Amino acid sequence: QMTMSPEYQVHCEEGLECVTPPGRMGASGICQKREDKPKLPAFVGEGGKCQMTVSPQYQVHCEEGLECVTPPGRMGASGICQKPEVKPKLPTFVGEGEKCQMTMSPEYQVHCEEGLECVTPRGRM
């Protein structure tokens, strides 16, 4: 027991640690072999649960080439490690007879190939 005055403390032998029951601060413990602590930060693969918004000792990162994707609107929530979404090159171009759209934000615009023009039917602006 380590929470008493030094003259009453009982220490574990070398290589052992005093483990107390969870939530019972000040209680007597049992000497057990020391467990190797994982190296920090922890890393998980694709589909693994990641958490980046906590103290560094509790963070779980994604392996290289993956990103931690959290649910929209849930700031601070855990995420899932996924391959990054490949975004199309901007702008997107289409051929004759295909639908074009020029009145949106640039990342959503669809341009006509060279030599074609985007024509909007009358009254549909």
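Is Cys-112 buried or exposed, and at what relative accessibility? In this predicted model, Cys-112 counts as buried, at 16% relative accessibility.

**View 1. Cys-112 beside Cys-100, without a bond between them.** Cys-112 takes part in no disulfide, and the nearest cysteine sulfur, which belongs to Cys-100, is 3.9 Å away. A pair of cysteine sulfur atoms must lie within 2.5 Å to be called a disulfide.

**View 2. The disulfide of Cys-100 and Cys-118.** The two sulfur atoms are 2.0 Å apart, and the torsion about the S-S bond is about 95 degrees, so the link is right-handed. Cys-100 sits in the loop between β8 and β9, whereas Cys-118 belongs to the segment after β9, 18 residues apart. Cys-100 is buried at 17% relative accessibility, while Cys-118 is partly exposed at 28%.

**View 3. The disulfide of Cys-50 and Cys-68.** Here the S to S distance is 2.0 Å, and Cys-50 in strand β4 is tied to Cys-68 in strand β6, so that parts 18 residues apart in sequence are joined. Cys-50 is buried, with 0% relative accessibility, whereas Cys-68 is partly exposed, with 28%.

**View 4. The disulfide of Cys-12 and Cys-31, with Cys-18 unbonded.** The sulfur atoms of Cys-12 and Cys-31 are 2.1 Å apart, and their link is left-handed, with -90 degrees about the S-S bond. Cys-12 precedes β1 and Cys-31 lies in strand β2, so the pair ties together parts that are 19 residues apart in sequence. The sulfur of Cys-18 is 4.7 Å from that of Cys-12, its closest cysteine sulfur, which is too far for a bond.

How values were computed:
Residues numbered from 1 in each chain as written. Predicted model: local features only at pLDDT ≥ 70, side-chain atom pairs only at ≥ 80, totals over all residues. Heavy atoms only, no water. Helix = DSSP H or I, 4+ residues; strand = E, 2+ residues; numbered from the N terminus. Buried < 20%, exposed > 50% of the residue type's maximum accessible area, 1.4 Å probe, protein only.
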